[in-house]
Amino acid sequence: MAQEDVFKKIVAHCKEYGFVFPSSDIYDGLAAVYDYGQNGVELKNNIKQYWWQSMVLLHDNIVGIDSAIFMHPTIWKASGHVDAFNDPLIDNRDSKKRYRADVLIEDEIAKYDDKIEKEVAKAAKRFKEDFDEAKYRATSPKVLELQEKREALHARYSAAMNAMDLNELRQIILDEEIVCPISGTRNWTEVRQFNLMFSTEMGSTADGAMKVYLRPETAQGIFVNYLNVQKTGRMKVPFGIAQIGKAFRNEIVARQFIFRMREFEQMEMQFFVRPGTEMEWFSKWKETRMKWHQALGFGADHYRFHDHEKLAHYANAATDVEFLMPFGFKEVEGIHSRTNFDLSQHEKYSGKSIKYFDPETNESYTPYVIETSIGVDRMFLSVMSAAYTEEQLENGETRVVLKLPAALAPVKLAVLPLVKKDGLPEKAREIVNDLKFHFNTIYDEKDSIGKRYRRQDAVGTPYCVTVDHDTLNDNCVTLRNRDTMQQERVAISDLNTIIADRVSITSLLKKLQ
Ligand code: ATP
């Protein structure tokens, strides 16, 4: 199946099974804003809990905070967001559609890559076992020509972006003869800068309303509280502050479902270190974060690091953790060495000293910061993409099963009475009432047992138990495993011991030690 079709199926599945709905659905939705349904919210909460506990429970030098979405507007001046949090945009006069100029050019670069891969694939088919891929790439005149054009475009594009030369970006679009995908024309406007922050007003207009922003990242809430936490928590460098919260960006091109939203959630941790030790901590956090991702068991081949060539003005090292989505490897998390830029800026703009006195070295300094920043929604999408499976069964049927890590699954156990009579529903409810205190357990009696299994497979429930007539005598039930579909007879009194450990967040956290 084409990857595009897989992605469409995942989006449809998310809606059909109560994971993600378009926001304001009955009003035909609101672009790039989504709501999480009854199963989505459970999965999302489990992802957040896994992250939070891996930071705050497992590290005695990391604590959490929850700062407000509204902040003093000067903070966004100090952080650079008012002046530099921009995307270059361009309009097509015929279709009236707006695009990010950088994205149009990046798509064009990707087209060269595609063409090269197609040439290589064609040659591989032609030469079969004799094919020497490395040699072909190094000598094929067609591939070399494409490669040369690609490199030239990439170099020109990088230079224009580094200098934020808007005229040059437009010129590249014209020279490459990039057309609008809707109108098919090259009738482009000038390229303009577009600030991604949403703003609103605080206070009544009578005493002069103040323009405030909806935070575009949660990180600044940590920086401006750094001293409060350090002092009241008596934290010693190195230490970290973690936060989960909403962020807002007026993305120009919002697409790919919950990959790029206008309202989204971030999980950020800022780790404060002694100047000069930041590179050591940067590689330590790269390793720690990759371990966190891979503990989910989707396979190491689903992840890769993408080191930044172009560093933000405040960073001295940066990498992305990319995940293999149905539409290719995409950024899920950023790990950045932010130097002392943020804290120094806030010192300058607030006029307050936020230096740290290091009792070990007897000196005061502004700590350096390593940031790990991951989007909850992108993480959600990566988990969904990796878990969504269509399986051909031996009897010729197919089943859709979400192979979610048990610890993240919205429902851990479904209790199903074989029939709706003979005291089986009562017995099943008894089991639910006992186990619901330990993990998310639901009761379902509607439809045939086969259909009920399929429904639970589709939302990723790792275990189902069936209560049958024998249960009333032997107090045993049939326990079915989602992935293997194997069934075993177990005592009701053993259910908690068998299931609880396997479905707990703790089972994931233990893999990180
Ligand atoms: P991109 O290049 O995709 O726009 P970014 O580099 O601007 O992302 P950061 O500012 O580093 O992203 O934000 C950290 C994380 O927040 C990202 O890795 C991503 O998971 C998440 N994130 C950022 N923007 C969005 C968005 N519009 N929708 C959903 N998640 C987002």
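**Exercise 1. Backbone oddities in the loops**

Find where Asn 362 sits, and work out what stands out about its backbone.

*Solution.* Start with the place: Asn 362 is in the loop between β14 (356–358) and β15 (363–365). Keep in mind that this is a predicted model. Next, look at the backbone: phi of Asn 362 is near 60°, a positive value in a residue other than glycine. For background, most residues other than glycine have a negative phi, and most peptide bonds are trans. Last, check the surface: with a relative accessible area of 58%, Asn 362 is exposed, since the exposed class starts over 50%.

Now do likewise for the loop between α10 (226–232) and β9 (239–248): what is notable about Arg 234 and Pro 238?

*Solution.* Take Arg 234, which belongs to the loop between α10 and β9. Its phi is positive, about 45°, although Arg 234 is not a glycine. Arg 234 also counts as exposed, at 74% relative accessibility. Then move along to Pro 238, found in the loop between α10 and β9 too. The peptide bond leading from Val 237 to Pro 238 is cis, and its omega is near 5°.

**Exercise 2. Who holds the ligand?**

Describe the shell around the ligand: how many residues are in it, which elements supply them, and which polar atoms come close?

*Solution.* Step one is the head count: 15 residues surround the ligand, and the closest are Glu 251, Arg 260, Met 261, Glu 331 and Val 332. Step two sorts them by class, giving 4 nonpolar, 5 polar and 6 charged residues.

Step three asks where they come from. β10 (263–273), β13 (328–337) and β16 (368–375) each supply at least two residues of the shell. The largest share, 5 residues, belongs to β13.

Step four goes down to atoms. Two arginines reach ligand oxygens with their side chains: a polar side-chain atom of Arg 249 is 2.9 Å from one oxygen atom of the ligand, and a polar side-chain atom of Arg 260 lies 2.8 Å from an oxygen atom of the ligand. Met 261 uses its backbone instead, with a polar backbone atom 2.8 Å from a nitrogen atom of the ligand. To finish, the ligand has 600 Å² of accessible area on its own, and the protein covers 83% of that.

**Exercise 3. Reading a helix by its faces**

Sort the residues of helix α17 (residues 495–503) into a buried side and an exposed side, then list what the buried side packs against.

*Solution.* First pick out the buried residues, which are Leu 495, Ile 498, Ile 499 and Val 503. Now look down the axis of α17: these buried residues fall within an arc of 90°, so they line one face of the helix. Turned away from that buried side is the face carrying the exposed residues Thr 497 and Asp 501.

The packing partners of the buried residues are a mix of strands and helices: β19 (413–417), α14 (424–435), β21 (463–467), β22 (476–481), β23 (487–491) and α18 (505–509).

**Exercise 4. Three residues, three settings**

For His 13, Ser 24 and Glu 445, give the location, the exposure and the contacts.

*Solution.* Begin with His 13, in helix α1 (residues 3–16). His 13 has a relative accessible area of 6%, so it is buried. Skipping residues up to four places away in sequence, His 13 touches Tyr 388, Val 400, Leu 402 and Ala 458.

Ser 24 is in the loop between β1 (20–22) and β2 (34–36), and is partly exposed at a relative accessible area of 33%. Apart from neighbours within four places in sequence, Ser 24 contacts Gly 29, Leu 30 and Asp 35. Its side chain also makes a polar contact of 3.0 Å with the side chain of Ser 23.

Glu 445 lies in the loop between β20 (441–443) and α15 (449–459). At 30% relative accessibility, Glu 445 counts as partly exposed. Beyond four places in sequence, Glu 445 is in contact with Pro 417, Lys 420, Pro 425 and Arg 452. The side chains of Glu 445 and Tyr 443 are joined by a polar contact of 2.7 Å.

Technical notes. Residues are numbered from 1 along each chain as its sequence is written. This is a predicted model: local features need pLDDT of at least 70, side-chain atom pairs count only at pLDDT 80 or more; totals for chains, interfaces and linings use all residues. Side-chain values use heavy atoms; hydrogens and water are left out. Buried means under 20% relative accessible area, exposed over 50%, partly exposed in between (1.4 Å probe, protein chains only). Helices (H or I, at least four residues) and strands (E, at least two) are DSSP runs, numbered from the N terminus. The arc is that of the directions from the helix axis to the C-beta atoms. Contact means heavy atoms within 4.5 Å. A residue is near a molecule or strand if one of its heavy atoms lies within 4 Å of it. A polar contact is a pair of N or O atoms within 3.5 Å; within protein, one must be able to donate a hydrogen and the other to accept it, and residues adjacent in sequence count only if both atoms are side-chain atoms. Accessible areas come from the Shrake-Rupley method with a 1.4 Å probe; for residues, only the protein chains shown count as cover. Ala, Val, Leu, Ile, Met, Phe, Trp, Tyr, Cys and Pro count as nonpolar, Asp, Glu, Lys and Arg as charged, and the others, Gly among them, as polar.
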